[in-house]
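Reader: Got a minute to go through this one with me? Please start with the overall picture and then get into the details.

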Amino acid sequence: MPRQIGLENLTVAVVEEDKTTGIKYATPIKLERSIKAKISPKTSSEKLYSDDSVEEILNNFDSCDVEIEINQLQLKTRSLIQGAKIINGVLVENKDDIAPELALGFRSKKSNGKYRYVWLLKGKFEITEDEYETIGEKPTAQSNSISGSFYGRNSDGNWRIMEDEDSEGADMERLANWFKAVPEIIVEVNPPVNLPGEDEKDNPTPGGSTGDNTEENPSGNTGDNTEENPSGNTGDNTGENPGGNTEDNPEQIPEG
């Protein structure tokens, strides 16, 4: 099996709206060059016991911690992920800054040359840590790390999507546009199943005593088509009923 050996195309997209009716993202923005990423989903579990043993374990997704190391962190990137302002080229960080909700995308090369594509669909980054060091005998290049927490969307509960370029059913067109817009994956919902008796037209019951088509019900006592019911005692066509006792057919009544 091929292994993951790379990390590139670190990209974010601001969540503009997330409601139960749907979600809307801004155009994705590529960040600086990536070095390393660690994604750690957090879940809680509960054991259910019966007959003196564990019957079932219930797992519940909570959130996903993300740590990313990049080669540098430009001021405009700090402003974007922290909600800070840039005024006349100066980054101004305020105690009341509110970090925007973002989606985070990237791809990882495999040892077979193919790629895995990933989007974390909604989350926030924290204020970044900075580390500086004086120049000694040899200069030490510093990198930056950003960390955040990602969680399920209001629109559908989804928190991550992944697609392998070499997997069965991979959509090459979608992968080609992976970083142009956050892909929307449509999940098909099974149609509701009618319970017995909910729709008599779709579930006809032979021998029923009601209905508009009495040709299929020779023993029925009601209906508009009495030609098919020779033993019936009612109907508009009495010519087909030689044993009838109605006044419309006097020639069938013997004289007293």
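Author: Here is a quick chat about the fold, one strand, one loop residue and a surface patch.

Author: This is a predicted model, so local features need pLDDT of at least 70, side-chain atom pairs count only at pLDDT 80 or more, and totals for chains, interfaces and linings use all residues. Residues are numbered from 1 along each chain as its sequence is written, and side-chain values use heavy atoms, with hydrogens and water left out.

Reader: Fine. How many helices and strands are in the protein?

Author: The protein has 2 helices and 11 strands, taken as DSSP runs numbered from the N terminus (H or I of at least four residues for helices, E of at least two for strands). Along the sequence the pattern reads β-β-β-β-β-α-β-β-β-β-β-β-α.

Reader: And what share of the residues is buried?

Author: Buried residues are 27% of the 256. Buried means under 20% relative accessible area, exposed over 50%, and partly exposed in between (1.4 Å probe, protein chains only).

Reader: Let's look at β9. How many of its residues are buried?

Author: In β9, 9 of the 11 residues are buried, so the strand is largely enclosed by the rest of the structure.

Reader: Which strands does β9 pair with?

Author: β9 pairs antiparallel with β8 (residues 102-109) over 7 bridges, and with β11 (residues 160-164), also antiparallel, over 5 bridges. Another 3 bridges join β9 to β10, again antiparallel. Strands count as paired if DSSP finds at least two bridges between them.

Reader: Any landmarks I can click on?

Author: L102 sits opposite G123 in β9, L120 has R160 in β11 as its bridge partner, and K124 has S149 in β10. β8 and β9 form a hairpin with 5 residues between them, and G113 in the turn has a positive phi of about 90°.

Reader: Switching to T128: where is it, and is it buried or exposed?

Author: T128 is in the loop between β9 (115-125) and β10 (144-150). T128 counts as buried because its relative accessibility is 10%.

Reader: What does T128 touch?

Author: Leaving out residues up to four places away in sequence, T128 touches L73, R78, I81, Q82, S145 and I146; contact means heavy atoms within 4.5 Å.

Reader: Last one: where does V54 lie, and how exposed is V54?

Author: V54 lies in strand β5 (residues 53-70). V54 is partly exposed, at a relative accessible area of 39%.
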